[in-house]
Amino acid sequence: MSKKPWYGEGLRFQCTECGDCCTGAPGYVWLNKAEIEAMAAALELEVPAFEEQYVCLVGIRKSLLERPDGDCILFDGQTRRCEVYHVRPRQCRTWPFWQSNVRTPAAWAEARQACPGCGRGRLVPPDEIERIVAIIKV
Ligand code: SF4
Ligand code: SF4
């Protein structure tokens, strides 16, 4: 029998659309081929043109570029929204239910510090959290 996770009663999350997770401190948004193709199509660009404008290589992996202030290159500072929200990468789509955030209560508490949506709103059941965590290893 598998052990019940510490979040066996579920965790609350509802995005407040503050935009904080797309801005600020530098970081990486890892991309696969399908994600690059989807974002390029959303912006009506060919893949090579999209990669030239929006993607950087980090070793052998690809990530979204950032502006000098750390904001994601696809974050629109005026509307405070993602320019490709409907096709945003898995890493963005699955926040805050990343392995690194849900592995312990302390890790979740840290995520709550960074994201005002964590700990409020809809109670997400544990099986849904586990399904989301399995989408990408972050
Ligand atoms: S930091 Fe949290 S609440 Fe703010 S936009 Fe990101 S996911 Fe939503
Ligand atoms: S791709 Fe969109 S959702 Fe993801 S960090 Fe950039 S602006 Fe935010």
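In this predicted model, strands β2 and β4 pair in the antiparallel sense, and two bridges join them. Across this pairing, Leu31 stands opposite Lys62 in β4. The pair belongs to an open sheet of three strands, ordered β2-β4-β3, with antiparallel pairing. β2 (30-31) and β3 (55-58) are the edge strands; each has a single partner strand, so one side of each is left without a neighbour in the sheet.

Helix α2, formed by residues 47-54, lies across β3 and β4. The helix runs at about 75° to β3.

Lys62 offers a way to follow how these elements meet. This residue lies in strand β4, which covers residues 61-64. Leaving aside neighbours within four places in sequence, Lys62 is in contact with Val29, Trp30, Leu31, Ile36, Glu51, Val55, Cys56 and Leu57. Among these contacts, Leu31 is the residue that stands opposite Lys62 in β4.

Glu51 is a further partner of Lys62. The two residues are eleven places apart along the chain, and their C-alpha atoms are separated by 9.2 Å. Their side chains make a polar contact at 3.2 Å.

Is Lys62 buried or exposed? Neither term applies, because its relative accessible area is 30%, and buried requires under 20% while exposed requires over 50%. Lys62 is therefore classed as partly exposed.

Methods: Residues are numbered from 1 along each chain as its sequence is written. Chains are lettered from A and ligands numbered from 1 in the order in which they are written. This is a predicted model: local features need pLDDT of at least 70, side-chain atom pairs count only at pLDDT 80 or more; totals for chains, interfaces and linings use all residues. Side-chain values use heavy atoms; hydrogens and water are left out. Helices (H or I, at least four residues) and strands (E, at least two) are DSSP runs, numbered from the N terminus. Buried means under 20% relative accessible area, exposed over 50%, partly exposed in between (1.4 Å probe, protein chains only). Contact means heavy atoms within 4.5 Å. A polar contact is a pair of N or O atoms within 3.5 Å; within protein, one must be able to donate a hydrogen and the other to accept it, and residues adjacent in sequence count only if both atoms are side-chain atoms. Two strands pair if DSSP finds at least two bridges between them. Axes are lines fitted to C-alpha atoms, for helices over the stretch in contact, and angles run from 0 to 180 degrees between N-to-C directions.
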